[in-house]
Amino acid sequence: MEVQIKINDVEWYIGFDSEGKRIISKDNGDFDYHFKDTDDVDEILDYVIDGKKIRDQWQDIVIVAM
C-alpha cells in the first residue's frame with residue numbers, strides 16, 4: 001500500500017520506487033530512504049521523523065492520500 005502523510009507541515013510518501021523497493025520520501029523526492037525489508041511494517045513504524053518514531057506520532061499525522 002502507498003500512503004502520503006503530513007507531519008509538522010512536511011509531506012512524506014511511503015510506498016515503492018520504480019524497482020519495487022519500499023521507500024519513504026520527503027517533499028516529493030527531496031529525500032529518499034530505502035527500507036531494508038519491503039514487508040516489515042515495524043521497520044516503517046520505527047522510522048524516525050523529527051526525533052520521534054512514526055508509531056509515536058499518530059496524533060500529529062494527517063493522511064493526505066492513500
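How many residues sit between β2 and β3 in their hairpin, and which residue in the turn has a positive phi? The hairpin has 5 residues between the two strands, and Gly20 is the turn residue with a positive phi, about 85 degrees.

## Ground rules

This is a predicted model, where local features need pLDDT of at least 70 and side-chain atom pairs count only at pLDDT 80 or more, while totals for chains, interfaces and linings use all residues. Residues are numbered from 1 along each chain as its sequence is written, and side-chain values use heavy atoms, with hydrogens and water left out.

## Strands and turns

Let's start with the strands (DSSP runs of E, at least two residues; helices are runs of H or I, at least four; both numbered from the N terminus). Pairing takes at least two DSSP bridges between two strands. β1 and β2 run antiparallel, joined by 5 bridges, and Ile7 has Val10 of β2 as its bridge partner. The β1–β2 hairpin has 2 residues between its strands. β2 is also antiparallel to β3 (residues 22–26), again with 5 bridges, and here Ile14 stands opposite Ile24 of β3.

Now for the backbone oddities. Most residues other than glycine have a negative phi. Asn8 is not a glycine, yet its phi is positive at about 55 degrees; Asn8 lies in the loop between β1 and β2. Asp50 does a similar thing: phi is positive, about 55 degrees, and Asp50 is no glycine either. Its spot is the loop between β5 (48–49) and β6. On accessibility (buried means under 20% relative accessible area, exposed over 50%, partly exposed in between, using a 1.4 Å probe and protein chains only), Asn8 counts as partly exposed because its value is 46%, whereas Asp50 is exposed at 56%.

## The nonpolar core

A nonpolar core here is a set of buried Ala, Val, Leu, Ile, Met, Phe, Trp, Tyr and Cys residues joined through side-chain atoms within 4.5 Å. The largest one has 13 residues, and those touching the most other members are Ile5, Trp12, Ile14, Ile24, Tyr47, Ile49 and Ile54. Two or more residues each come from β1 (3–7), β2 (10–16) and α1 (41–45). β1 gives the largest share, 3 residues.

Ile14 is a good place to zoom in. It belongs to strand β2 and counts as buried because its relative accessible area is 7%. Beyond neighbours within four places in sequence, Ile14 has contacts (heavy atoms within 4.5 Å) with Met1, Glu2, Val3, Ile5, Ile23, Ile24, Ile44 and Ile54. The C-alpha atoms of Ile14 and Val3 are 5.3 Å apart, with the two residues 11 apart along the chain.

Where does Gln57 lie? Look in the loop between β6 (52–53) and β7 (61–65). Gln57 is buried because its relative accessibility is 2%. Setting aside neighbours within four places in sequence, Gln57 is in contact with Ile7, Ile49 and Lys52.

## A nonpolar patch outside

Met1, Ile63 and Met66 make a nonpolar surface patch of about 400 Å². Patch residues have over 30% relative accessible area and no salt bridge, with nonpolar side chains (Val, Leu, Ile, Met, Phe, Trp, Tyr) joined within 5 Å and like charges within 9 Å. The areas are Shrake-Rupley values with a 1.4 Å probe; for residues, only the protein chains shown count as cover.

Met1 belongs to the segment before β1 and is exposed, since its relative accessible area is 67%. Ile63, in strand β7, is exposed too, at 52%. Leaving out neighbours within four places in sequence, Ile63 is in contact with Val3, Gln4 and Ile5. Ile63 and Tyr13 are 50 residues apart along the chain, with 10 Å between their C-alpha atoms.

## Salt bridges

A salt bridge puts a side-chain nitrogen of Lys or Arg within 4 Å of a carboxyl oxygen of Asp or Glu, and this structure has 6 of them. One of these pairs Lys6 with Glu11, with 3.9 Å between the closest N and O atoms. Lys6 is partly exposed at 28%, and so is Glu11 at 24%.

Asp46 turns up twice: it bridges to Lys53 at 3.9 Å, N to O, and to Arg55 at 2.7 Å. Asp42, Asp46, Lys53 and Arg55 form a salt-bridge network. Within that network, Asp46 is partly exposed at 30%, Lys53 is partly exposed at 37%, and Arg55 is partly exposed at 30%.
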